Amino acid sequence: MPAMKSPPDHVSIAGLTSQEAEQRLQQYGPNALVEKKVSTLMKLLGYFWGPIPWMIEIAAILSALVQHWADFFIILALLIFNAGVGFYQEFTAGNAVEALKKQLALKARVLRDGKWLPINARLLVPGDVIRIRLGDIIPADVKLIEGAYLSVDQSSLTGESLPVSKQMGDEAFAGTVVKQGEVVAQVSATGAHTRFGKTASLVAQAKSVSHFQKAVLTIGNFLIYVSLALVAILVLVQLHRHVPWLELVQFALILTVASIPVAMPAVLSMTMAVGAVALSRRKAIVTRLESIEEMASMDVLCSDKTGTLTRNSLTLGKVELFHAGDDQAVLLAASLASKAEDRDAIDMAVLDGLHSQDLLNTYQQAEFTPFDPVHKRTEASIVDSQGQSFQVCKGAPQVIMQMSALTEEETARAQQVVNGFAEQGYRALAVARREAGCKQWLFLGILSLFDPPREDSAETIARARAYGVNMKMVTGDNQSIARQISAKLGLGTNILPASALSLQKDGSQEDNDGERVEKTDGFAEVFPEHKFAIVKLLQARDHVTGMTGDGVNDAPALKQADVGIAVSAATDAARAAADLVLTAPGLSVIINAIEEARRIFERMNAYAIYRICETIRIMVFVVLAMIFFNFYPITAIMIILLAFFNDVPIMTIAYDHTGLEDKPVRWNMKQVISVATAMGIVGIIGSFGMLLLAMDWLHLDVAQVQTYVFLKMAVAGHLVLFVARNKGHFWERPWPAPIMLWSAVITKLAATLLAAYGFGLITPISWPEIALIWGYSIVSAFITDIVKVSVYRHLSYQTPMLRKFMGRVKEHLVHH
């Protein structure tokens with residue numbers, strides 16, 4: 001497509017050749033900050049340092065002191081196993097996240113070999129000529145060499161709250177965000193030599209912990225306190241019985257280690273990383289792993305219209321003339337106020353409508369001010385072939401109408417035209433021209449543009465609602481267009497103009513606004529500050545809120561939202577603020593993300609229930625059995641082996657098949673603890689039944705009883721995992737993932753062979769006794785499952801009743 005002539009160069013903007021760029025890359029290095037990475041060896045050694053490793057190491061030393069060498073070597077193996085598993089999981093999760101981040105690497109538009117090319121910002125070198133525009137994160141320190149002006153947010157670097165204006169010849173710094181304007185600039189410094197690079201060592205990024213992680217860590221702390229309390233009771237009782245203290249302390253340490261959720265950090269990071277990789281395959285890149293959990297809880301999603309609900313492929317419609325001779329005169333002025341190389345959707349639709357592209361070659365664009373969400377127009381200074389200068393602009397009709405000298409009749413007609421287009425779902429674009437020396441703009445006409453809904457939008461919205469996510473449309477278009485598109489998509493027609501929201505409000509107004517925001521189907525004529533207010537109002541009413549955005553001014557709302565979503569083709573600033581970056585157009589990707597997030601949540605929920613249940617089942621049984629019967633129902637070495645056999649399958653929960661909740665899921669601590677405790681109590685009763693069976697019916701000696709209890713706990717432990725993984729009966733769909741099933745089969749087979757043959761580690765028992773244990777454990781699993789389902793049903797019945805009761809209490813209080 002032919003383009004207008006560029007203004008005369010005041011500096012050399014030929015850019016570098018590829019060869020020069022390569023030489024400078026070797027000289028200056030990549031345009032990236034040097035990361036201080038901990039060596040792989042130091043990371044591995046870190047897993048042998050800390051409270052849990054110390055406990056295992058002390059237990060190993062005590063085993064050596066009492067010359068229990070079998071115990072010593074197996075404890076040592078447990079230490080290495082825990083360190084190896086933790087290191088592998090962190091390494092795998094870290095690699096997955098790094099790979100995803102590479103897909104979001106900053107790009108730069110650079111002039112190389114006389115051509116504008118998009119390249120990775122890491123490859124920029126001093127002397128490169130780049131183009132910077134609205135929404136870009138400036139990739140290096142630069143000197144502005146061509147263009148009108150630039151407005152830059154330097155808050156990340158200097159703390160200045162207001163954007164700073166830059167003129168030609170000024171410097172702009174890496175890491176700052178372009179708020180307005182478009183310029184050509186020359187790179188002056190890269191990487192560690194930039195202003196940002198020099199101060200980066202002073203900047204520390206805080207990592208927030210998600211609601212779900214806080215809950216799981218709370219469970220972990222609770223289990224630690226319970227374990228330590230029970231161990232303290234056990235130690236006091238056994239010391240009163242004059243048990244050898246070295247042997248007692250060794251056993252107490254090992255029992256504590258087995259009860260504490262050592263694998264929890266590894267399971268968390270692995271599950272998150274696996275989920276993030278799965279989401280990336282569905283064209284959604286997670287920038288903050290913890291946001292996956294928030295997505296599972298999201299119950300309101302505010303979505304952009306253009307490009308998300310609609311195709312973002314504008315088609316030119318009817319042209320309404322005012323002070324122009326014909327349609328082409330309006331389109332010529334609109335084309336002169338466009339920039340073809342930016343590939344903007346509106347600009348491309350306007351340029352495509354111009355019959356003679358060659359006509360543009362007779363004009364020179366001296367200055368160009370790009371569109372920004374505040375001024376809502378583009379503007380250009382033009383010089384024609386005779387050297388005469390004039391200005392053209394195009395933008396929102398309300399804005400151009402205010403700038404132009406329209407009579408009352410013309411204003412009324414223009415508004416009628418805009419409303420008429422809007423009723424048909426068309427977007428209106430006003431065009432004006434101003435001659436040199438004139439103060440008033442001449443209103444040329446109004447173009448109509450149509451952006452049809454995406455084919456999958458209506459279906460996607462229906463799916464979102466089926467999942468309990470209330471969709472709200474957010475658009476800068478006027479109320480009529482918003483209502484028309486919203487109706488076509490099945491969202492409803494209750495569209496609220498954003499101006500109806502008071503950004504400066506007292507408490508009563510806030511409540512009123514919050515209720516209106518909850519009930520509306522969407523918002524029209526939205527400015528960026530409205531998006532932020534909408535998110536805050538919804539969050540204040542206990543909604544987990546998602547917000548989509550693409551522009552630099554959307555960044556505050558994306559950051560404030562529980563789930564900030566940068567849509568495809570979003571600016572660098574929007575991507576940096578978002579939790580989720582979509583790499584495919586449309587909303588269907590978000591629905592995929594919601595599904596995956598809820599599956600991940602279910603895996604974490606199952607893990608929490610299993611972990612609490614196991615601690616209750618093992619810890620309480622062992623301590624009570626020792627107090628009541630005055631002998632170790634299980635040896636230290638058996639506890640270590642149990643930790644081996646249980647930790648391997650639990651790692652595979654990250655790949656498990658789970659059910660998909662049809663409503664947003666939130667952390668329900670009461671439910672988790674109630675279900676886990678009920679299952680744990682059933683396990684304790686079952687273990688005591690097994691112990692009495694071994695002692696009073698089979699008349700086994702202490703060593704055989706210990707093997708008996710060990711195998712029962714190993715087999716029943718994995719069956720508890722399968723019972724805990726869903727809310728229905730464990731034999732119902734979805735069935736476990738093959739990797740989870742086979743890991744359990746292999747480890748249980750190993751435990752069974754160990755019980756049968758001993759291998760010098762434990763006292764063997766007979767195959768009939770092993771068969772009895774298996775049969776007993778399977779029956780116990782069925783009983784545990786029945787109890788679990790009953791508890792879930794009781795809680796699900798109780799919750800609505802409680803809500804109804806609390807509602808009546810609230811009504812009563814309000815009434816009085």
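## Salt bridges, buried acids and a cavity

Asp-542 is exposed, with a relative accessible area of 55%; exposed means over 50%, buried under 20%, and partly exposed in between, using a 1.4 Å probe and protein chains only. The model is predicted: local features need pLDDT of at least 70, side-chain atom pairs count only at pLDDT 80 or more, and totals for chains, interfaces and linings use all residues. Residues are numbered from 1 along each chain as its sequence is written, and side-chain values use heavy atoms, with hydrogens and water left out.

**Salt bridges**

Asp-542 pairs with Arg-666 in a salt bridge. The term means a side-chain nitrogen of Lys or Arg within 4 Å of a carboxyl oxygen of Asp or Glu. Asp-542 sits in the loop between helix H18 (528-540) and strand E19 (545-549), and Arg-666 in the loop between helix H22 (636-651) and helix H23 (669-697), so the pair ties together parts that are 124 residues apart in sequence. Helices (H or I, at least four residues) and strands (E, at least two) are DSSP runs, numbered from the N terminus. Arg-666 is partly exposed, at 38% relative accessibility.

The structure holds 21 salt bridges. Three of them are set out here.

| Pair | Closest N to O distance |
|---|---|
| Asp-542 and Arg-666 | 3.4 Å |
| Lys-519 and Glu-515 | 3.1 Å |
| Arg-617 and Glu-614 | 2.7 Å |

Lys-519 and Glu-515 share helix H17 (residues 507-519), where they stand four residues apart, about one helical turn. Lys-519 is exposed at 57% relative accessibility. Glu-515 is partly exposed at 36%.

Where do Arg-617 and Glu-614 lie? Both are in helix H21 (residues 588-629), three residues apart, again about one turn of the helix. Both residues are buried. Elsewhere, salt bridges with shared partners join Arg-282, Arg-463 and Glu-595 into one network.

**Two buried acidic residues**

Glu-182 lies in strand E7 (residues 177-189). Is Glu-182 buried or exposed? Its relative accessible area is 6%, so Glu-182 counts as buried. Contact here means heavy atoms within 4.5 Å. Beyond its neighbours within four places in sequence, Glu-182 touches residues including Arg-131, Arg-133, Tyr-149, Lys-339, Asp-342 and Phe-368.

Asp-579 occupies the loop between helix H20 (572-577) and strand E21 (580-582). Asp-579 is also buried, at 8% relative accessibility. With neighbours within four places in sequence left aside, its contacts are Ile-285, Val-286, Thr-287, Arg-288, Ser-291, Ala-561, Asp-562, Val-563 and Gly-564.

**Cavities**

Rolling a probe the size of a water molecule over the atoms shows where empty space is left. A cavity is a set of points, on a 1 Å grid over the protein atoms alone, where a 1.4 Å probe fits but cannot get out; lining residues have an atom within 4 Å of a point. Points are joined across faces, edges and corners, and the volume is the space filled by probe spheres set on them.

How many cavities of 30 Å³ or more does the structure hold? There are five. The second largest encloses about 90 Å³. It is lined by 13 residues, and those closest to its centre are Ala-716, Val-720, Ser-780, Ala-781 and Thr-784. Helix H23, helix H24 (702-724) and helix H26 (767-815) each supply at least two residues of this lining. By class, the lining of the second largest cavity has six nonpolar, five polar and two charged residues. Nonpolar covers Ala, Val, Leu, Ile, Met, Phe, Trp, Tyr, Cys and Pro; charged covers Asp, Glu, Lys and Arg; the others, Gly among them, are polar.

Methods:
1 Å grid on protein atoms, 1.4 Å probe; cavity = no way out; pocket = protein on both sides within 12 Å on 5 of 7 lines; lining within 4 Å.
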